[in-house]
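I set aside this page for some looking around in a protein structure. My plan is to go from the surface to the salt bridges and then to the strands.

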Amino acid sequence: ETGQMDLFLYDIPEDTLERLTDDTFAEQDPDFHPGSDRVIFSSDRCRNTSGANQGIYMVDVLTGRITPLTCGAGKDAYPDWAPDGRSFLFSSDRDGVYNIYEYHMDSQTITKQTSVLGGVTMPCFLPDQSGFVASAYYEGEYHIYDFPLKTGEGLSERVLASDENATGPNWRRRPSEDFTYTTENYKQKLGIDFAGAGVAIDPNFGTIGNGGQI
């Protein structure tokens, strides 16, 4: 209702709604940790570039503390916790094409899981954590594909998003009395800004077309 895309937690038995974030950034793709009160999500607060970059963040439901996890050169999105809660998958176009990566929580490193030319997004772990499924575009349609999970610690991930831009700038709407300009009633009046004409002449048939534009 405010035009902001924030995160909310709905308690089904209690029929209550709790707001988890309240800022000027967009939060989306939330996924609840399987064993704790933590939610990972993607947000455009990465590097505070107004959507040019997108990273993965984690919010503690009990404290409201937001922790930056990734902030690559592109857009990181669609995080999905592993069943054991020790890693999560996400899609990223940091290499120019959307591929799937795994972020390891303990070592804070990532392992690239796919390398395709057409792009693959929206990963989801299999229940036994042996692999994952993801969506890819092929011959005019989106298909679901099954991928094995590559193991290994992978490459170090530099977290370029700081806590300073994890909560958003302290913007507020200025009241009208802060401004010094005056307003006046006005009426709309339409006028002609341009008038033109055209004609086409054929040597054999003479004038074959003309028109005007205003």
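**Entry 1: surface patches**

I started on the outside and found a nonpolar surface patch of about 470 Å², made by Phe8, Tyr10, Ile12 and Leu17. A note to self on the source: this is a predicted model, where local features need pLDDT of at least 70 and side-chain atom pairs count only at pLDDT 80 or more, while totals for chains, interfaces and linings use all residues. Residues are numbered from 1 along each chain as its sequence is written, and side-chain values use heavy atoms, with hydrogens and water left out.

I had to look up what a patch is: it takes residues with over 30% relative accessible area and no salt bridge, joining like charges within 9 Å and nonpolar side chains (Val, Leu, Ile, Met, Phe, Trp, Tyr) within 5 Å. The areas come from the Shrake-Rupley method with a 1.4 Å probe, and for residues only the protein chains shown count as cover. A salt bridge means a side-chain nitrogen of Lys or Arg within 4 Å of a carboxyl oxygen of Asp or Glu.

From the nonpolar patch I picked Tyr10, which sits in strand E1. Strands (E, at least two residues) are DSSP runs, as are helices (H or I, at least four), and the numbering goes from the N terminus. Is tyrosine 10 buried, partly exposed or exposed? It is partly exposed, because its relative accessible area is 45% and that class lies between buried (under 20%) and exposed (over 50%), again with a 1.4 Å probe and protein chains only.

Next I found a negative surface patch, formed by Asp11, Glu14, Asp15 and Glu18. Asp and Glu count as negative and Lys and Arg as positive, with His and the chain ends not counted. Each charge is placed at NZ of Lys, CZ of Arg, CG of Asp or CD of Glu. Glu14 is in the loop between strand E1 (8-11) and strand E2 (16-19), and with a relative accessible area of 57% it is exposed.

**Entry 2: salt bridges**

How many salt bridges does the structure hold? I get 7. One of them joins aspartate 76 to arginine 94, with the closest N and O atoms 2.6 Å apart. The two partners come from distant parts of the chain, 18 residues apart: aspartate 76 is in strand E7 (residues 76-81), and arginine 94 is in the loop between strand E8 (87-92) and strand E9 (99-104). Both aspartate 76 and arginine 94 are buried.

I then checked arginine 86, which forms a salt bridge with aspartate 106, the closest N and O atoms being 3.0 Å apart. This pair also links distant parts of the chain, 20 residues apart, with arginine 86 in the loop between E7 and E8 and aspartate 106 in the loop between E9 and strand E10 (109-112). Here both arginine 86 and aspartate 106 are exposed.

Aspartate 95 and lysine 112 make another salt bridge, with their closest N and O atoms 3.0 Å apart. Aspartate 95 is in the loop between E8 and E9 and lysine 112 is in strand E10, so the pair ties together parts that are 17 residues apart in sequence. Aspartate 95 counts as exposed at 52% relative accessibility, and lysine 112 counts as partly exposed at 31%.

I also noted a network of salt bridges that links Asp6, Arg19 and Asp22. Asp22 is in the loop between E2 and E3 and counts as exposed, because its relative accessibility is 58%.

**Entry 3: strands and backbone**

Which way do strand E3 (residues 27-32) and strand E4 (residues 38-43) pair? They pair in the antiparallel sense over 4 bridges, where pairing requires DSSP to find at least two bridges between the strands. A hairpin of 5 residues joins E3 to E4. Phenylalanine 32 stands opposite valine 39 in E4.

Tyrosine 78 caught my eye: it has a positive phi of about 55° although it is not a glycine. Tyrosine 78 lies in strand E7 and is partly exposed at 33% relative accessibility. Methionine 122 likewise has a positive phi of about 55° without being a glycine. I found methionine 122 in strand E11 (residues 120-125), and at 47% relative accessibility it counts as partly exposed.

Last stop was leucine 69, in the loop between strand E6 (66-68) and E7. Leucine 69 is buried, with a relative accessible area of 5%.
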